Structures are given as C-alpha cells and as structure tokens.
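Got the model open in your viewer? Here is a short walk through it, one selection after another.

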Amino acid sequence: MSGDENGAEKVLRLPGSMQNWSDLDRGPAGSGAAARSIVREFVAGAQNVAIVGPHCADLITGIADVVPRLTVIVRSVVDSATIGDLLQDTPNARVIATDLTLAAPQETYDLVIALDDVHRVCSLETDPNTWQQMFDLITGLVAEGGRLVFVTENELGLHRMTAVRSRFTSNEDSDWSPTETFDRSRPRDPGALTAAVRAAGLTALRGGVVLPTWEDQSVWVAGGDELDDAGHAILGALTLGSPTFRQVGSDPTRLTRAAVLAQRLPQVGSGWWVVAGRGVAGDPQVTRITASASDGSTTAFCFDGGRVLRDDESVTVPADGRAFGEELLDAAADGDLSMMRSMVRMLVGYVDEHADEGSVDIEHADARPDNLLLSKSGLYPVTRAAAAAPRDEVIWRSLADFVQVIRARGARHPWPSATDDRTMFASLAAMAGVELPEDVDEWVLPAEDEGRAPVADVSGLIAVVERLTETNKALASRATWYEQRLASTERDLKMRTERHRAQLATAARQQEVLRGSAEDLRRSLTYRLGNAVLGPVRNLRNSTRGD
C-alpha cells in the first residue's frame, strides 16, 4: 500500500497491479456524452460510488464532483497515478490499483459503474478467468439497496463484422486479454445478460443496446425491441451519421445499411447495457434513444404512444423516413447526375424554406445529408444545430460534409477518380445553383485532428492495390535476376580462387625442388674442389684489381 506525495492514501496499490501498462491509452469507456448522460441519472443521491475498470477522465471527474465518496478501481499502476492526480482536490476520492481476483475491496457500494466490460479488471498475475467469474466479482461490490450500471460487448455486433483487424489476428499490447477466449459463460444476447444479472441476486431495472462500435458508444438505446418505424428511422440516421464511419475500413454501405433497412440495429449493436439493483424496484422502462453530439451535448428521443419527444419537445418524424444521405450516396454510386442535381436542389429548397432574412433557425441549421430524413412529404431534421447560421454557410457545410462522406466511406461517384475535394465541392455547388465561398479550403479541408480522408473511391483504391501488386511482382522478378547473377558470379569467383590456389601450390613445390637442388649442388665434391682451386685465384685477381 502506498500513498501520494503528501502522505494521504489517495492511491492504494494492492496485489495484482500492473507496472508499465496503461489502459487509459487504449480507448477508456465512457468517453461519449451519451454514456455520461445515462450515468448521471443514477449518480444523484448516491453516497458511495465505485468505478470499476478504465474510464475516461471526464466521466470520473464529473462523478467525483457530485458524490460524497468515490472509489476508482483499475489494474494499472500508471493509470492509478494519472487518476490520482485528477482527484487531488477531491478529499473523499481514492484510487485502488489491483486485480479484482486477488484483492477485491471488502466494502460494498450503493452505485457501481462498469462500462468497460470485465476483461480489464484482472492482470497477468492470475490465470485466465471466465466472464462469469469476473462479473460475479463486480456484482459482489453492489450493496443492499444499491445499483449497478454495466455494459458488455456483443461479439456478434456489426463492429466485429465490419472490422479490418481483430485481436485474434494481431499482436499488439491492446490485444492481450486475461479472460478466456472460448468462453461459454459470456452473454451473447440480451436475455443471457438478464439471466446473469438475476443469478447474481440483482434485478434488471433498465437496459438496452449501445451503437455503433465498442470504442465509440455514441448512441444508447433503451427498449430497442419496442421501436416503431419512426424510431428505427431515427436510430438508422444516428448510426449511419456517426463519426465512426468517417474512416476507411468501415462498411456502412453494405452490412450496416442492410441492418438499417431490415430494422435489425438493436440486435447487432456493439454491446448491451443494463442497470440492475439489489433489493430495488424499478419503474417501467421507456423506449428511448440518447445520442452524443459533436459539441459534447446529448439529444434524447423518447417514444410514447406514437409520439416522438426530442429533449421533451414533440417533433414530427415520418414513418416512411429514410436517411437522405444514403439516398444521395446511392445516386452518386449510380452516376445518376440528374438525380443528384434534383436532390441537392431539394436540399437548398429545404434550407431556403426555413431561412428568415438570410438566417436559418436552430431547428433546421444542421442540414448535413446524414442529419436529414427523406419522406414523400419532404425533408425532416433528426437533431437540431448548436446555433442558428447564415443560409449560405448552412448549404456550404452540408455540401462539404457530403464530400467528406464520399471520401471516408470510399463511395463510388460520377467524377473521375483523380477529382480532388475542391473540384467535387464546386461540382455539387453548381448542381445546387449556389455560389462558391471565397475560401473553399475553409469548408472542404477537414480539421487537423480528423486527418485527411483518402482521395479515391473503393474501385480507385483497388486499382492502386493492383498496380502496387504488379510493381511488386516486377521488383521481385528483378531481385530474382540479381540473385541469380550474384550466384553465378560467386561460383565463377570460387572457381578462379581454386585455380589460383592450385597454381600457387604448384609454384611453391617447384621452389622447394629448386632449393633442394641448390643445397645438393653445394654439398657435392665437384663444387667443393672447384671452390678450393678457384678460391685463391679469385682472391689474387681481386687483390690485383685493388692495387
């Protein structure tokens, strides 16, 4: 057990805590405004709250500001220090770094929040556990009269079907899991989750599905099986319009759109959420959709007896409504310029209809195609804008957003593949019959934190892949040719080396023979006699020359 630098036991490090590891860097739960909105409903009145697993900083600090006691349980020493720093000014908050299977807290809490499933609350120091074992540990923290807010991932969700990578086929730190991979105890439908709650001695009070992906739970649905046609239309528009689909690899044009058209999104969400109580009676659940907005706010849709309430205000949602952005994408994919022209002019007409003295009211200022429903009677907004806006800016923002949707989804369009964003934006503006802004880049180029979208549709990307494949084949052929030439040269050099070595050995033997012959000559009688006779004569001649 250790404290912070001031000696207060703000951070407790118990057995099982992991060094040099961080879960906060790998998509902590509760990052969306919708999740915080759901949790906020149950925080009010809670006295002793526990947050189990990695959760985003905004969720943790927001709860710490309104509850008398808060305990955050994580497995990472690094994360415990980070969260401890966030809670330095909160005297009744503490952080525990531990493995729940080794050192679970002995006390219970009247509200337990676990939005990150169960696989990140145990460490390397234990054997793999089943989902049920970890769920039992979490539910054991709920006191009598307390509540649990829990989310578990759906392994059959669309986010798994459309993913370009899987933790079962990659080898990164975030892919490691201490839970069993083939686990029959994990719920794979809402009924199994309800049964697990009941087996733990709790009562399911409320629940539903989260969309669109496990990392981006921006849409929370309560009572999804009770949605009518208008509810399915809103849910489809919110899901298809999610920023999650602004990335290469997502496949909304096939599986997700098929799920929308079949009204099956509640069955193929990324996870299920449940609010359960121990000895607590719940109110009848209201069918509701809570969605996060880009500005950090939320929009709530309630469905009551055929009426649709958006943030407690009645709105008109056509039963035959369908996503206008998807219809416009279909026209672009078909290369139907006449239909595209008709639809973008319908969009301009919608904006002009709700413009007063050049300004569009807050209810209709968000005219992005993904935010509109198309019906026989016209266009209807799904969510309201953050503020009123000038008429031209509303149209430019709408057209620019559609360009980014085409790029991000790799959608086919009627223009050449090399068409850049500015030209595409100008073409759409010409179809709509509106003037271009003075600075086109201000509207077309995405924000720096969003990154650049690909400048090719799917067919263009496939062509690039095929071209690179042919290039790789040519490079591989050239490399093979060089390898063969190197092998041939190596063999030739080896032969020359052996030949030179043999010639050198022959010359050495000849030299030894000559040296032996010279030694034999010096030892011969003839050489010695000749040297004895001729030696004085040679010496006399040398002395005569000296005189």
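This is a predicted model, and a search of the whole structure turns up six aromatic pairs. For one of them, select Trp131 and Phe135: their rings are stacked, 4.7 Å from centre to centre with 15° between the planes. Both residues belong to helix 5 (residues 131–139) and sit four residues apart, about one turn of the helix. An α-helix has 3.6 residues a turn, so residues three or four places apart point the same way. Now switch on a surface. Trp131 counts as buried because its relative accessibility is 0%, under the 20% cut-off. Phe135 is buried too, with a relative accessible area of 0%. Add Phe150 to the selection, and you have one aromatic cluster made of Trp131, Phe135 and Phe150.

**Salt bridges**

Next, the charged pairs. Side chains of opposite charge can pair when their charged atoms come close. The count for this model is 30 salt bridges. Start with Arg186 and Asp117, whose side chains meet at 2.9 Å, N to O. This pair links distant parts of the chain: Arg186 is in the loop between helix 6 (158–161) and helix 7 (190–199), Asp117 is in the loop between strand 5 (109–114) and helix 5, and the two are 69 residues apart. Are these partners buried or exposed? Both Arg186 and Asp117 are buried.

Move on to Arg160 and Glu153, a salt bridge whose closest N and O atoms are 3.2 Å apart. Color these two by accessibility: Arg160 is partly exposed at 31%, whereas Glu153 is buried, with a relative accessible area of 11%.

Now pick Arg188 and Glu155, which form a salt bridge of 2.8 Å, N to O. Arg188 lies in the loop between helix 6 and helix 7, and Glu155 in the loop between strand 6 (142–153) and helix 6, so the pair ties together parts that are 33 residues apart in sequence. With relative accessibility of 33%, Arg188 counts as partly exposed; Glu155, at 22%, is partly exposed as well.

For a bigger selection, take Arg310, Asp311, Glu313, Glu363 and Arg384. Salt bridges with shared partners join these residues into one network.

**Strand 12 and a loop**

Arg310 is in strand 12 (residues 307–310), and so is your next stop, Val308. The Val308 side chain is worth a look with the surface on: this residue is buried, with a relative accessible area of 5%. Draw a C-alpha to C-alpha distance from Val308 to Ala230, and you should get 8.1 Å, although the two are 78 residues apart in sequence.

For another distance, go to Asp361, in the loop between strand 16 (359–360) and strand 17 (372–375). Asp361 is partly exposed, with a relative accessible area of 30%. From its C-alpha to that of Gly305 is 29 Å, with their positions 56 residues apart along the chain.

**Helix 1**

Select residues 33–43, which make up helix 1. How many of its residues are buried? Nine of the 11 are, so helix 1 is largely enclosed by the rest of the structure. The buried ones are Ala33, Ala34, Ala35, Arg36, Ser37, Ile38, Val39, Phe42 and Val43. Step just past the end of helix 1 to Gly45 and check the backbone: phi is positive there, about 90°.

**Out to the surface**

Two patches finish the tour. For the nonpolar one, select Leu156, Met161 and Leu255, which together have about 280 Å² of accessible area. Leu255 sits in helix 9 (residues 252–261) and counts as partly exposed at 34% relative accessibility.

For the other patch, select Glu393, Glu438, Asp439 and Glu442: they form a negative patch on the surface. Within that group, Glu393 is placed in helix 12 (residues 391–409). Glu393 is partly exposed, with a relative accessible area of 30%.

Terms used:
Residues numbered from 1 in each chain as written. Predicted model: local features only at pLDDT ≥ 70, side-chain atom pairs only at ≥ 80, totals over all residues. Heavy atoms only, no water. Patch = residues over 30% accessible without salt bridge, like charges linked within 9 Å, V, L, I, M, F, W, Y side chains within 5 Å. Areas by Shrake-Rupley, 256 points an atom, 1.4 Å probe, with all protein chains shown as cover. Salt bridge = Lys/Arg side-chain N within 4 Å of Asp/Glu carboxyl O. Lys, Arg positive; Asp, Glu negative; His and termini not counted. Charge placed at Lys NZ, Arg CZ, Asp CG, Glu CD. Buried < 20%, exposed > 50% of the residue type's maximum accessible area, 1.4 Å probe, protein only. Phe/Tyr/Trp six-rings, centres within 6.5 Å; stacked < 30°, edge-to-face > 60°.
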